[in-house]
Amino acid sequence: MAYPVLPHWIDGKPSTAPADRVGDIFNPATGEKIAKVAYANPGQVDTAVESARMAGLAWAQVPVTRRSQVFFRFRSLLAEHATELAQMISKEHGKTVDDARGEIARGLEVVEFACGIPQLLKGELSANVSTGVDLTTVREPLGVVAGITPFNFPAMVGLWMYPVAIACGNAFILKPSERDPSVANRIAELFGEAGLPEGVFSVVHGDRVAVERLLEHPDVKAISFVGSTPIARHVYQTGSQHGKRVQALGGAKNHMVVLPDADLELAADGAVSAAYGSAGERCMAISVVAAVGDSADRLIPLLKKRIDKLRVGPASDAETEMGPVITLTQRDRIRALVDEGVEQGATLVSDGRGLEIPGHEKGFFIGPCLFDEVTPEMSIYQEEIFGPVLCVVRCEDFDSALALVNASPYANGTAIFTHDGGAARRFQREIEVGMVGVNVPIPVPLAFHSFGGWKDSIFGSHGIYGREGIHFYTRQKVTTTRWPDPSHRGVNLGFPQPDQ
Ligand code: NAD
């Protein structure tokens, strides 16, 4: 059967260059192959970079007020096409259309932030720092920057990056996940409709071959990466070795601490929503509940009651709350990890391993799984499962829960559920994690703050979007100006001092 091949998007249009390698795109709900995607070779990456370099030179000279107007139009177009984009995502990723609409909405926030670029790029001036001397700091774009994104948010994670990068005056090359790449091309088309000049936003599809070329290309000045920890570490090391700025966000194992005084109904709602939403394939998903004192005994039945009611199925069914996982390999890996959890002695309270969806027997489904009595030595605790599996670890007291979270190598997000203000404040101050929720299970910051974890959940010094994004995608230039005055005459070999 001949499948359509998704092309790269270079110079403001689909690339006509023949693909020497392609990958398969599946519908995870049916297990069927539905399309193919071109995999870029190094030469095709070079073509995209050269197009971006030329376009970026001109774009950097476009007045910031006009750049902002492109983003206002882009924002309207994204909002207008939100359902269409969500359907494209759902078909290749498997998440519900409603959930996919949510990721577009969160991406739109960053576009709205980028609309304010004239305000965000305002420089600093110190007048008269010495006689007749002024000092100004401005931030200038870097040139060509690239973003490499994971499968789990095929629209949103890119939208965390390129609105800020492009608004700052850079040209951007996106290398989306090869699993669900189609929405990237549609967004590129909408950028064109919004008036973004050709070549300022390009999409290069593919696998590690394309990534490696971007990492070593001398004209790519910065790399933003979001994905798993081993690849994030590799991208950070390789990109840095080639002299680039790199921000590389990695994997996660997010803990929710539940204290005995918490509203356990609220905690159970939060844990189930955050653990099983998008089939657990969210970097801010809750994968561990650290239940303090007697809270586990009371919480487990509340969790189970909610899990039993979850409707798992294809996104095409309007009743579905949780879809399949991304690939058959991942489904089998999750099942094997659940098997290991049982073998290693955890109590499997809800078992989703055998789930079959009538009419979708070949879909990549696994039902929600809940483990109790999990300990830190078990593989289900140590591995980032990235599926619908929630582990409850019983902790004696607040201090041991805090120590458990702080001992994890991952430190993306965490949450505490309690009514005790003092405990919440202590948690917020002593926890070694980048994003913290107090009675909020998925504390993803809005676009005017910045997103980013700590430890093995991020490599590099900058978080993503917000002020951190502006700093990452620009470099400062400081100018010292002296307006000539006869009093300045005379040779002086001493180091300049402000009062001279
Ligand atoms: P992944 O690391 O497999 O892939 C991410 C990107 O890297 C893709 O574009 C992929 O093509 C590319 N890639 C894969 N292998 C590569 C290699 N050997 N060399 C170079 N590039 C390579 O991640 P994924 O499975 O697509 O996404 C899930 C992971 O992303 C999870 O670990 C999740 O926690 C993480 N994630 C983190 C955040 C965050 O903000 N920290 C957000 C979303 C997802």
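Angles under 35 degrees between helix directions count as roughly parallel. Keep that cut-off at hand for the first stop of this tour, which runs through a predicted model.

**Stop 1: H14 and H15**

Select residues 398-407, helix H14, together with residues 421-430, helix H15. Their axes are 11 Å apart and the packing angle is about 25°. With the limit at 35 degrees, H14 and H15 are therefore roughly parallel to each other. The two helices make a right-handed crossing. To see the contact, show side chains for Phe 398, Asp 399, Leu 402 and Asn 406 on H14, and for Ala 423, Arg 426, Phe 427 and Glu 430 on H15. Sorted by class, this H14 and H15 contact holds four nonpolar residues, three charged residues and one polar residue.

**Stop 2: the seven-stranded sheet**

Next, turn to the open sheet of seven strands, ordered S15-S16-S17-S14-S13-S19-S20 with mixed pairing. Pick out 347-350 for strand S15 and 435-438 for strand S20. Each of these edge strands has a single partner, so one side of S15 and one side of S20 have no neighbour in the sheet. Viewed along the sheet, the twist from one strand to the next averages 20°.

Stay at the S20 edge and add strand S19, residues 413-417. S19 and S20 run in the parallel sense and are joined by four bridges. One place to centre the view is Ile 416, which stands opposite Val 438 of S20.

**Stop 3: helices on that sheet**

Now select helix H11, residues 295-309. H11 lies across strands S13 (254-258), S14 (286-292), S15, S16 (369-372) and S17 (389-395). Relative to S17, H11 runs at about 170°. Then select residues 328-343, helix H12, which also packs on the sheet and touches S15, S16 and S17. The direction of H12 makes about 25° with that of S16.

**Stop 4: H10 against H11**

Keep H11 on display and add helix H10, residues 264-276. The axes of H10 and H11 are 9 Å apart, and the helices pack at an angle of about 55°. That angle makes H10 oblique to H11. The crossing of H10 with H11 is right-handed.

For the contact, show these side chains:

- on H10: Leu 264, Glu 265, Ala 267, Ala 268, Asp 269, Ala 271, Val 272 and Tyr 276;
- on H11: Ser 295, Arg 298, Leu 299, Leu 302, Leu 303, Arg 306 and Ile 307.

Ten residues of this H10 and H11 contact are nonpolar, four are charged and one is polar.

**Stop 5: the two domains**

Zoom out and colour by domain. Domain 1 takes in 5-250 + 457-480, while domain 2 spans 254-438. The C-alpha centres of domain 1 and domain 2 are 31 Å apart. Where the domains meet, 20 residues of domain 1 are in contact with 22 residues of domain 2.

**Stop 6: the three-stranded sheet**

Move to the open sheet of three strands, in the order S1-S5-S4, where the pairing is again mixed. Residues 5-6 are strand S1 and residues 21-27 are strand S4. S1 and S4 are the edge strands, each with a single partner, so one side of each lacks a neighbour in the sheet.

Select strand S5, residues 32-39, beside S1. S1 and S5 pair in the parallel sense over two bridges. Val 5 has Lys 36 of S5 as its bridge partner, and Leu 6 has Val 37 of S5.

On the S4 side, S4 and S5 pair in the antiparallel sense over seven bridges. Among the pairs to label is Phe 26 with Lys 33 of S5. Follow the chain round the hairpin of S4 and S5, which has four residues between the strands. Stop at Gly 31, where phi is positive, near 80°.

**Stop 7: H8 and H9**

Finish with helix H8, residues 208-216, and helix H9, residues 229-241. The axes of H8 and H9 come within 8 Å and cross at roughly 35°. The crossing of H8 and H9 is right-handed. From H8, show Val 211, Glu 212 and Leu 215; from H9, show His 234, Val 235, Thr 238 and Gly 239. This contact of H8 with H9 divides into three nonpolar, three polar and one charged residue.

Methods:
Residues numbered from 1 in each chain as written. Predicted model: local features only at pLDDT ≥ 70, side-chain atom pairs only at ≥ 80, totals over all residues. Heavy atoms only, no water. Axes fitted to C-alpha atoms, helices over the stretch in contact; angles between N-to-C directions. Parallel < 35°, antiparallel > 145°, perpendicular 65-115°, else oblique. Left-handed = near helix turned anticlockwise from the far one by under 90°. Contact = heavy atoms within 4.5 Å. Nonpolar A, V, L, I, M, F, W, Y, C, P; charged D, E, K, R; others polar. Pairing = 2+ DSSP bridges. Domains from an automatic or database assignment.
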